[in-house]
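Reader: Before we begin, could you take me through the features of a model one at a time, giving the general idea and then the case at hand?
Author: Gladly; let us put the structure in view and start from there.

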Amino acid sequence: MAAIGFIGLGNMGGPMAANLAEAGHDVSGFDPSEAALAKAREHGVHTAKTIAEAVAGAQTVVSMLPAGPQVREVYTGTGGVLENALAQCLLIDCSTIDVDSARAVHAAAEERGYALLDAPVSGGVAGAEAGQLTFMVGGAEDAFDCAKGLFDSMGKAAVHAGPAGNGQVAKACNNMILGISMLAISEAFTLAERQGLDPRKLFDISSQASGSCWAMLNHNPVPGLVETAAANRNYAPGFSADMMWKDLKLAQDAAMRAGVATPMGANAQALYAALVNAGWGGKDYSAIYRLLRGETPDS
Ligand code: NAD
């Protein structure tokens, strides 16, 4: 069993750290939020007052932070991970961040002799709690092999996506597909209904035809079609519209820098911005269906 420093014990990081502790690892966590620390303690995580204290003696550091600026700060800032981790410590950042920040933090870690993996996840809070996340991982292959056991304690699958930053590229592309799919489904089901076709009938047909896709089968935005979908819980997330907008922005940033045309992704980003600005940011991303139908949060 390993000594693990865990930085960022929020909605995702809290349960991930708890699963590592549950698997028998000695987990020392840090988060500026006292509430997050208290919750982590209830789940067998030792808590620290600083990053330095959390990573002291750790063979592996795992982080789960909001965005690129926090990841840069936590790793390269004064009092951060790179100043305090043991030589040979393996560093795993599971946050969803921009590709440039991921590659910059990789380079800073490498300069100081550390192996770092960017390992963003799919599966949301429910997946984190159930230990059912999917990790998409960028970085050296031997570092990925060393981390496999830890990924197994927190998730159901881990795929090595290639060198530094490729985990973030995979995450941005995957979620761009998801955001666009959700829009396609929302438009099609609205059109069907307004033309007199029962949405249940369209589901029965399309779920077995060429229009089928993962979002239709699992996150269907029409209430009553897929039992576990957020649509049946008044669009309580799930995966929030705020998060989808963030991920679509990351995809657009990457597309701009790479000079790649992604017109559907750009449209999806604009529509999710409208959803968030209409006051639905805390709702599930499938609530875009309601916006496209001309409905408001209170309707
Ligand atoms: P969160 O806001 O609940 O947790 C982030 C935690 O980081 C907070 O507890 C915060 O106090 C802590 N933090 C902020 N700055 C810090 C610092 N400098 N040092 C230490 N801790 C610091 O967010 P979350 O939902 O847990 O998401 C974390 C990451 O996971 C994000 O990058 C998000 O995009 C990604 N993600 C989230 C979901 C989801 O459904 N929530 C799904 C997949 C990926």
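**Reading exposure, backbone and ligand shell**

Author: Q88 counts as exposed, because its relative accessibility is 73%, and exposed is the word for anything over 50%. Please keep in mind throughout that this is a predicted model.

Reader: Where along the chain is Q88 placed, and what is its phi value near?

Author: When reading a backbone, one looks at the element and at the torsion together. Q88 has its place in the loop between α5 (81–84) and β5 (90–93), and its phi is near 80°, which is a positive value in a residue other than glycine.

Reader: Which loop holds N234, and what is the phi of N234 near?

Author: N234 lies in the loop between α11 and α12, and the phi of N234 is near 55°, again a positive value in a residue that is not glycine. The loop between α11 (214–218) and α12 also contains G238, and the peptide bond leading from P237 to G238 is cis, with omega near 15°.

Reader: Is A230 buried or exposed, and in which loop is it found?

Author: A230 is found in the loop between α11 and α12, and A230 counts as buried because its relative accessible area is 7%, where buried means under 20%. As for its place in space, the C-alpha atoms of A230 and M1 are separated by 37 Å, with their positions 229 residues apart along the chain.

Reader: How should I read the helix residues in the same way, taking N218 and E141 as cases: which helices hold them?

Author: One takes the element, then the accessibility, then a distance. N218 has its place in helix α11 and counts as partly exposed, because its relative accessibility is 29%; the C-alpha atoms of N218 and S207, which are 11 residues apart along the chain, are separated by 11 Å. E141 belongs to helix α8 (residues 141–154) and is exposed because its relative accessible area is 53%, while from C-alpha to C-alpha E141 and A161 are 9.4 Å apart in space and 20 residues apart in sequence.

Reader: And E42: is it buried or exposed, and what distance separates the C-alpha atoms of E42 and S63?

Author: E42 is in helix α2 (residues 34–42), and it is exposed because its relative accessible area is 66%. The C-alpha atoms of E42 and S63 are separated by 19 Å, for a spacing of 21 residues along the chain.

Reader: With which side chain does the side chain of R290 make a polar contact?

Author: Here the reading combines burial with a pair of atoms. R290 lies in helix α14 (residues 288–292) and counts as buried because its relative accessibility is 12%; the side chain of R290 makes a polar contact, at 2.4 Å, with the side chain of E295.

Reader: Turning to the ligand, which of the residues around it come nearest?

Author: For a ligand, one starts from the shell of residues and then looks at individual atom pairs. There are 22 residues around the ligand, and of these N11, M12, D31, L65 and K246 come nearest. An oxygen atom of the ligand is 2.9 Å from a polar backbone atom of N11, and for a polar backbone atom of M12 the distance to a ligand oxygen is 2.8 Å. With D31 the partner is in the side chain, where an N or O atom is 2.6 Å from an oxygen atom of the ligand. Of the 830 Å² of accessible area that the ligand has on its own, the protein covers 83%.

Reader: In which pocket does the ligand sit, and how do the residues of its shell divide?

Author: The ligand sits in the largest pocket. The shell residues divide into 12 nonpolar, seven polar and three charged, and at least two of them are supplied by each of α4 (68–76), α7 (124–130) and α12 (241–258).

Conventions:
Residues numbered from 1 in each chain as written. Predicted model: local features only at pLDDT ≥ 70, side-chain atom pairs only at ≥ 80, totals over all residues. Heavy atoms only, no water. Near = heavy atom within 4 Å. Polar contact = N/O pair within 3.5 Å; in protein donor to acceptor, adjacent residues only side chain to side chain. Areas by Shrake-Rupley, 256 points an atom, 1.4 Å probe, with all protein chains shown as cover. 1 Å grid on protein atoms, 1.4 Å probe; cavity = no way out; pocket = protein on both sides within 12 Å on 5 of 7 lines; lining within 4 Å. Sits in = over half its atoms within 2 Å of the grid points. Helix = DSSP H or I, 4+ residues; strand = E, 2+ residues; numbered from the N terminus. Nonpolar A, V, L, I, M, F, W, Y, C, P; charged D, E, K, R; others polar. Buried < 20%, exposed > 50% of the residue type's maximum accessible area, 1.4 Å probe, protein only.
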